[in-house]
Structures are given as C-alpha cells and as structure tokens.
Amino acid sequence: MIVVLRLGHRIDRDKRITTHVALVARAFGADVILITTKDEKIKKNIQAVCKRFGGNFQIQTGVDPKKTIKSWTGSIVHLTMYGEELEKAVSRLDATRDLLVIVGAEKVPPYYYQVANFNISVGNQPHSEVAALALFLDRFTKATWQKKEFHGNIQIVPWVNGKKVLSKEKT
Ligand code: SAM
C-alpha cells in the first residue's frame with residue numbers, strides 16, 4: 001500500500017496544488033492521500049473523480065500527521081530537495097513494505113526529516129510537490145502505474161486524433 005501524506009495545506013492558497021497532488025497520487029499508483037488540514041471541498045472533488053474514473057483511491061482530510069507516523073509500520077519517505085539522490089534511494093527501498101510518502105507545502109519542520117527512513121530529492125533544485133511525487137512514484141513503481149486498471153464509468157481510449165471516450169454515465 002502506498003499512502004501520501006500532504007503536510008501544511010493552506011485552504012486559500014494551496015487548494016489547486018493539493019488537488020493536483022491527490023490526482024497525481026491516484027493516477028500514479030498510490031492508494032490513499034492523507035491531508036493534514038480539514039478540507040471537505042477537496043475531499044468531495046477527489047471523490048467525484050474517483051466515482052467517474054474508477055479505482056479505490058481513498059482521501060482523508062484533517063489528519064493528525066504525528067499520530068499517523070507513530071502508528072505507521074512500513075517505510076517512510078520524505079520528498080525534499082535536500083534529500084539523497086532519487087535513483088540511489090529508490091534502489092534501497094523495500095517495495096514489499098507499505099510506504100508513507102510525505103510531501104510539504106510550506107517549510108517542513110525538522111521532525112519530518114528525522115522520522116523519515118529516507119529523505120529523497122528529485123534533483124536538488126526547488127520545484128513542486130506535484131512534480132516530485134509524480135517522478136518518485138514513477139521510479140518507485142518502475143512505471144507500472146501506467147498499467148493500472150481503474151474500471152471507471154468513464155474510460156479514455158488512447159487515440160491519435162481527437163477524443164475517444166467510453167462512458168457508462170447516464171446523459
Ligand atoms: N521551502 C520548503 C522547505 O524548505 O521545506 C519547500 C517548499 S516546496 C514548494 C513544497 C514541497 O515540494 C516540499 O516540501 C517537497 O515535498 C517538494 N519538493 C520541492 N522540490 C523538491 C525536490 N527538488 N525534490 C523533492 N521534493 C521537492
């Protein structure tokens with residue numbers, strides 16, 4: 001199981017970014033996103049996507065991060081530009097264990113650097129939690145996220161020219 005823990009979401013400023021973190025988590029192979037700030041709007045938006053596009057992705061908001069970490073029995077990865085090199089760290093991660101992947105928004109307190117089994121950088125330049133999570137999940141899953149079936153009411157068929165969509169939704 002892969003769980004993403006999103007820290008420090010500010011409802012007014014970060015709603016689009018956190019929505020994108022959740023969408024990337026879902027599409028790139030994670031099972032759950034935990035958001036520390038209570039935000040019913042994001043929860044409803046993501047649940048609506050899951051209802052239409054399928055899968056069993058779960059979202060919880062208003063989660064206590066320290067409680068989550070204390071009760072976590074798998075590995076903990078914290079994505080940060082200060083961390084060790086992506087490829088080297090992923091090769092040492094046990095893919096059979098549950099994984100908690102922490103991403104920040106504002107400055108991340110030292111506690112998270114200390115509790116993480118791996119602080120991992122996706123390059124050492126500042127960029128975005130969306131990009132960092134996408135690249136990390138791609139490497140960690142060895143790109144197998146692309147093969148995941150979602151069995152949604154809406155299915156998009158790759159097509160060379162225009163849109164091909166199979167829909168079971170009532171119109
Ligand atoms: N200034 C903040 C700090 O010092 O912790 C980071 C803010 S950054 C906009 C938000 C999040 O994006 C970070 O907490 C981290 O999870 C992720 N991030 C940004 N650049 C990254 C990189 N090069 N490698 C890994 N994660 C990165």
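Helices (H or I, at least four residues) and strands (E, at least two) are DSSP runs, numbered from the N terminus. The model is predicted, with local features requiring pLDDT of at least 70 and side-chain atom pairs counted only at pLDDT 80 or more, whereas totals for chains, interfaces and linings use all residues. Residues are numbered from 1 along each chain as its sequence is written, and side-chain values use heavy atoms, with hydrogens and water left out.

The ligand sits in the largest pocket. A pocket is here an open set of points on a 1 Å grid over the protein atoms alone, where a 1.4 Å probe fits, with protein on both sides within 12 Å along at least five of seven lines; a molecule sits in a pocket if more than half of its atoms lie within 2 Å of the grid points. Two or more residues of the shell around the ligand are given by each of strand S4 (75–85), strand S6 (118–121) and helix H6 (129–140). S4 supplies the largest share, four residues. Of the 20 residues around the ligand, those that come nearest are Leu79, Val122, Gly123, Gln125 and His127, a residue being near if one of its heavy atoms lies within 4 Å.

Polar backbone atoms approach the ligand at three residues, Val122, Val108 and Thr80. The Val122 atom is 2.9 Å from a ligand nitrogen, the Val108 atom is 3.3 Å from a ligand oxygen, and the Thr80 atom is 3.4 Å from a ligand nitrogen. The protein covers 81% of the 570 Å² of accessible area that the ligand has on its own, as given by the Shrake-Rupley method with a 1.4 Å probe.

Two side chains make polar contacts (N or O atoms within 3.5 Å, one able to donate a hydrogen and the other to accept it) with backbone atoms. Arg6, in strand S1 (residues 2–6), has a polar side-chain atom 2.4 Å from the backbone oxygen of Gly104. Arg6 counts as buried (under 20% relative accessible area) because its relative accessibility is 0%. Thr61, in strand S3 (residues 58–61), reaches the backbone nitrogen of Asp39 with its side chain at 3.1 Å. At 9% relative accessibility, Thr61 also counts as buried.

The loop between H6 and strand S7 (154–157) contains Ala143, and His151 lies in the loop between H6 and S7 as well. Most residues other than glycine have a negative phi. Ala143, however, has a positive phi of about 65°, and His151 one of about 50°. Ala143 is partly exposed (between 20% and 50%) at 24%, whereas His151 is exposed (over 50%) at 62%.

Conventions:
On a 1 Å grid over the protein atoms alone, a cavity is a set of points where a 1.4 Å probe fits but cannot get out, and a pocket is an open set with protein on both sides within 12 Å along at least five of seven lines; lining residues have an atom within 4 Å of a point. Buried means under 20% relative accessible area, exposed over 50%, partly exposed in between (1.4 Å probe, protein chains only).
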